[in-house]
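Let's take a look around inside a protein and see what sits next to its empty space and its ligand. Have the picture open while you read.

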Amino acid sequence: MIRKSINKIKAIKKRIINEILPLYCYKSNFMASLYYFMFSEAFRRENKAVLAGKVKHINESKVDKANYFLLVRNIHRIEKGLLMRPKRSIFAKDYIVETVDSYIGIISKEITVNPQIDWFTDVLDTYFKEIGKDSLIDEQKERYFNFRSAYNVGVLDNSCETLKIPYRRKRELMPEISYEDFFLLNKYRRSVRWFLEKPVPRELIDKAILVANQAPSACNRQPYEYYIIDDPELVKKAVKLPMGTTGYSHSIQTFIVVVGNLDAYFDERDRHIIYIDASLANMSLMLALETLGLGSVPINWPDIEIRERKMEKFLKLNSYQRPIMCLGVGFPDPEGMVAFSEKRDLNQIRRYI
Ligand SMILES: Cc1cc2nc3c(=O)[nH]c(=O)nc-3n(C[C@H](O)[C@H](O)[C@H](O)COP(=O)(O)O)c2cc1C
C-alpha cells in the first residue's frame, strides 16, 4: 500500500517535471535556466565539459603560452589576411603576440614530426615578409626570426613551390569525378548493419581517416579524434555502450568512437563546433570506407549519465572530451540487407529565400 503510494507520487512528480513545468519554463531564458538548474541534469555534463575545455584553453594560452588550437586558428586567420582582396598592409596586429608566443611554446616542446609545423612556419615567414611597418609587429618579427634560427626550424627561403601558404588552385589538378558518379556513391552508401566475420585491416581505416582529415573545420582546428576499437574482445564490450546497436551489435567488426575536444575553444559560443566539424569529417569517412569496399553504420551517442561514465572509463577520456557519435565498420555481408531509406523530396529540404 505504502509502496503503491510512493510510486504514484513519483509518477506525478515525473509528470510535473517532464510535461507540465516545461510548458511554463520555455517562455523565458531565466525560467528555462531555472528549470534546468532545479529539475533537470540534462545539460550538466556538457556544461562541465565546456568549462573544463575553456579552462584548459585559457591556461594553455595565457599561462603556458603554448596553445596548439590557438596557433592553428591564428595561422588560419593570417592565411585569410594573406589572401584577402584587397590585401591590407597591416593585419593580425591584435593577435600576433599570442601567435608568436604559441609558435615558440609549441615548437620548443614538440617532439613529434608534424606537417602542420611547416605550415605554421611558412605562413608566419610570409606574413612577416609581406606585412607593413609597425613597431609591435616588428618586435614580434625579430622575436620570431631569432627563435627560428636558434631552433633551426625549416629553411629561411620562401621561393620554393611547395610552401604551405595561400595558392591558386590549378584547374588541371581537379580529379575527374563526375557529378553522376559522386551522386551514385552517395546513393549507394547505405547504413550497413550486417558484416562478414572478417577483420578490417587497419591500413583501410587509416586511409579512410586520411580522407576525413581533409574535411572543412571551423578555423581548421579539427577538434575531434577517432578512437578505434578492433580487438574482438574489446569490440564486444564497446558495441554495447551506445543504445542503437540492438540485434546487430555482434556483426560489427571495427567500432569507432568519434570524440570531440572542447579545449579547442576559449568561449562557449563555439561549443557546438565539435559536433559540426566531426560530422563533416564523418561523412567523408563513410564515403571513403565505401570506396575501399567497406560498409559502415553511424550510431547515435546518447547523453545519458551512466553511459557517458562507462564510455569515459572505457576510452580514458579527459573532462573536456565528449563522445560525439560511433560508427560500426566492416566488410558488408552480401546476404545482409540495407534499409531503403527513401530521402525527402528536394522541395522539402530546400527553399530559396
Ligand atoms: C547521428 C546518427 C545516429 C544514428 N544512430 C543510429 C543508431 O543508433 N542505430 C542504427 O542502427 N542506426 C543509426 N543511424 C543510422 C540511421 O538510421 C540511417 O542513417 C538512416 O536511417 C538513413 O539510412 P541510410 O544511412 O542507409 O541512408 C544513425 C545515423 C546518424 C546520422
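## Who lines the hole?

Val50, Lys54, Leu262, Tyr265, Phe266, Asp267, Glu268, Asp270 and Arg271 form the lining of the largest cavity. Keep in mind that this is a predicted model. Sorted by class, that lining comes out as four nonpolar and five charged residues, with no polar ones. How much space lies in the largest cavity? About 50 Å³. And if you go hunting for cavities of 30 Å³ or more, you'll find one in the structure. How do you spot such empty space at all? You roll a probe the size of a water molecule over the atoms, and that shows where space is left.

## Around the ligand

Now over to the ligand. Its surroundings are made up of Arg189, Arg190, Ser191, Arg193, Gly244, Tyr248, Val297, Pro298, Ile299, Asn300, Ser341 and Lys343. By class, this shell splits into four nonpolar, four polar and four charged residues.

Which atoms pair up there? Here are some polar contacts with the ligand:

| Residue | Part of the residue | Ligand atom | Distance |
|---|---|---|---|
| Arg189 | polar side-chain atom | oxygen | 3.0 Å |
| Arg193 | N or O atom in the side chain | oxygen | 2.8 Å |
| Gly244 | polar backbone atom | nitrogen | 2.8 Å |

So much for single contacts; how much of the ligand's exposed area does the protein bury? Taken alone, the ligand exposes 620 Å², and the protein buries 64% of that.

Notes: Residues numbered from 1 in each chain as written. Predicted model: local features only at pLDDT ≥ 70, side-chain atom pairs only at ≥ 80, totals over all residues. Heavy atoms only, no water. 1 Å grid on protein atoms, 1.4 Å probe; cavity = no way out; pocket = protein on both sides within 12 Å on 5 of 7 lines; lining within 4 Å. Points joined across faces, edges and corners; volume = space filled by probe spheres on them. Nonpolar A, V, L, I, M, F, W, Y, C, P; charged D, E, K, R; others polar. Near = heavy atom within 4 Å. Polar contact = N/O pair within 3.5 Å; in protein donor to acceptor, adjacent residues only side chain to side chain. Areas by Shrake-Rupley, 256 points an atom, 1.4 Å probe, with all protein chains shown as cover.
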